[in-house]
Amino acid sequence: MVISALQIDVVSYRPSENITRIDKAVNALPEGTDLIVLPEMFSTGFITEPQGMAEPADGETLQWMAATARKKDAALVGSLSVKTGDRYVNRCFFVQPQGEITTYDKRHLFSYGGENRHYTPGKERVIVTYKGVRILLQICYDLRFPVFSRNHSDYDMAVYVANWPTSRMAAWNILLKARAIENQCYVVGCNRIGKDEHCTYHGGTQIMNPYGDVIAHCADHTEGVATAELDMDALHVFRQKFPVLQDADSFSFSR
């Protein structure tokens with residue numbers, strides 16, 4: 001599977017402008033890309049007060065994702081601010097070319113930034129299988145909570161879509177590496193660049209192998225694409241030769 005993670009500059013509260021720029025970047029990707037990863041809240045920037053900005057679950061941005069997945073014959077994944085009924089959620093959409101859509105609602109809301117005041121946390125851990133690869137869907141702050149992402153031999157890659165600020169990039173880099181090593185999996189960390197009213201973002205988008213080695217990354221403060229091909233045979237051989245997951249403690253997160 002070929003993964004392309006897009007590191008983009010997101011303009012706050014400008015969904016049409018952001019989608020136009022992202023669409024151009026996606027269309028420039030070479031044929032053969034299987035999965036396109038976008039940052040957290042890629043259409044609006046990280047908004048903690050979603051009233052008036054959140055989209056319905058089947059809104060225009062999701063329609064764009066579905067149309068783009070069909071056109072590129074590739075899956076798209078990224079999160080949006082969504083209103084469902086009388087609730088708001090930070091929802092990750094995994095959209096396949098054939099139209100199948102899998103969703104994951106962010107469990108760990110960023111209380112330090114006030115996300116918990118208006119959004120409802122998700123309850124379910126979500127894994128989607130695409131082209132034979134089992135993919136754990138995660139959003140930004142989830143990265144700090146290893147029990148939730150513990151690999152019970154049920155996934156091969158974890159995808160973290162994020163708006164992770166420059167001031168905490170040391171933690172971003174260390175935690176991505178830790179998640180790859182402790183879970184014997186590939187890890188994709190897709191972050192934005194630019195700034196909003198609260199933070200600056202310099203990127204750090206990267207793809208890691210199960211040894212915690214960076215196999216693709218984007219330059220800091222620059223829009224770009226990190227692309228890597230996953231070697232699933234090598235992953236299976238590594239897990240058989242060094243069976244870390246079989247020796248793991250038995251525990252799970254509480255709902």
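## Close-up views of a predicted model

**View 1. Q138 sits in strand β8.** This is a predicted model, and our tour starts inside one of its strands. Is Q138 buried or exposed? With a relative accessible area of 1%, Q138 is buried, because anything under 20% counts as buried here. Leaving aside residues up to four places away in sequence, Q138 touches Y104, F148, S149, V159, Y160 and V161. We will meet V159, Y160 and V161 again in the next view, as residues of β9.

**View 2. Strand β9 (residues 157–161) is mostly covered.** Of its 5 residues, 5 are buried. Which residues point one way from β9, and which the other? M157, V159 and V161 share one direction, while A158 and Y160 point the other way, and all are buried. This pattern is a good one to learn: in a regular strand the side chains alternate between the two faces of the sheet.

**View 3. β9 has a partner strand in β8 and another in β10.** Strands of a sheet pair through backbone hydrogen bonds, either parallel or antiparallel. Strand β8 (residues 133–139) runs parallel to β9, and 5 bridges join the two. To find your place in this pair, look for I135, which stands opposite M157 in β9. Strand β10 (residues 186–190) also pairs with β9 in the parallel sense, over 5 bridges. Here the residues to look for are V159 and, opposite it in β10, V188. Now follow the chain from β9 through helix α3 (residues 169–183) to β10: together they make a right-handed β-α-β unit.

**View 4. An open sheet is formed by 6 strands.** In what order do the strands lie? Reading across the sheet, the order is β7-β8-β9-β10-β13-β14, and the pairing is mixed. The edge strands are β7 (127–130) and β14 (214–217), each of which pairs on one side only. On average, neighbouring strands of this sheet are turned by 20 degrees against each other, with direction ignored. Helix α3 packs on the sheet, where α3 touches β9, β10 and β13. The direction of α3 makes about 30 degrees with that of β13.

**View 5. β13 and β14 form a hairpin.** Strand β13 (residues 206–208) and β14 run antiparallel, joined by 3 bridges. Two pairs help you to line up the strands: Q206 stands opposite H217 in β14, and I207 has A216 of β14 as its bridge partner. Between the two strands there are 5 residues, and in this turn G212 has a positive phi of about 85 degrees.

**View 6. Helix α3 turns one face to its buried side.** How far apart should the ends of α3 be? At 1.5 Å a residue, its 15 residues should span 21 Å, and the end C-alpha atoms are indeed 21 Å apart. The buried residues of α3 are M169, W172, L175, L176, R179, A180 and N183. Seen down the axis of α3, these buried residues fall within an arc of 135 degrees, so they line one face of the helix. Their cover includes β9, β10, β12 (200–202), β13 and α4 (232–241). On the other side of α3, you can find the exposed residues A170 and I174. Just after α3 comes Q184, whose phi is positive, near 45 degrees.

**View 7. Helix α1 (residues 15–27) also has a buried face.** This helix has 13 residues and reaches 18 Å from its first C-alpha to its last, close to the 18 Å expected at 1.5 Å a residue. Which residues of α1 are buried? They are N18, I19, I22 and V26. Down the axis of α1, the buried residues fall within an arc of 95 degrees, so they line one face of the helix. A general rule helps here: an α-helix has 3.6 residues a turn, so residues three or four places apart point the same way. The buried residues of α1 pack against β1 (2–7), β2 (35–37) and α2 (60–72). Turned away from this buried side is a face with the exposed residues S16, T20 and K24.

**View 8. E124 lies in the loop between β6 (101–105) and β7.** With a relative accessible area of 42%, E124 is partly exposed. From E124 to D220 there are 96 residues in sequence and 33 Å in space, C-alpha to C-alpha.

How values were computed: Residues numbered from 1 in each chain as written. Predicted model: local features only at pLDDT ≥ 70, side-chain atom pairs only at ≥ 80, totals over all residues. Heavy atoms only, no water. Helix = DSSP H or I, 4+ residues; strand = E, 2+ residues; numbered from the N terminus. Expected span 1.5 Å × (residues − 1). Buried < 20%, exposed > 50% of the residue type's maximum accessible area, 1.4 Å probe, protein only. Arc of directions from axis to C-beta. Contact = heavy atoms within 4.5 Å. Pairing = 2+ DSSP bridges. Right-handed = clockwise from strand over helix to strand, strands pointing away. Axes fitted to C-alpha atoms, helices over the stretch in contact; angles between N-to-C directions.
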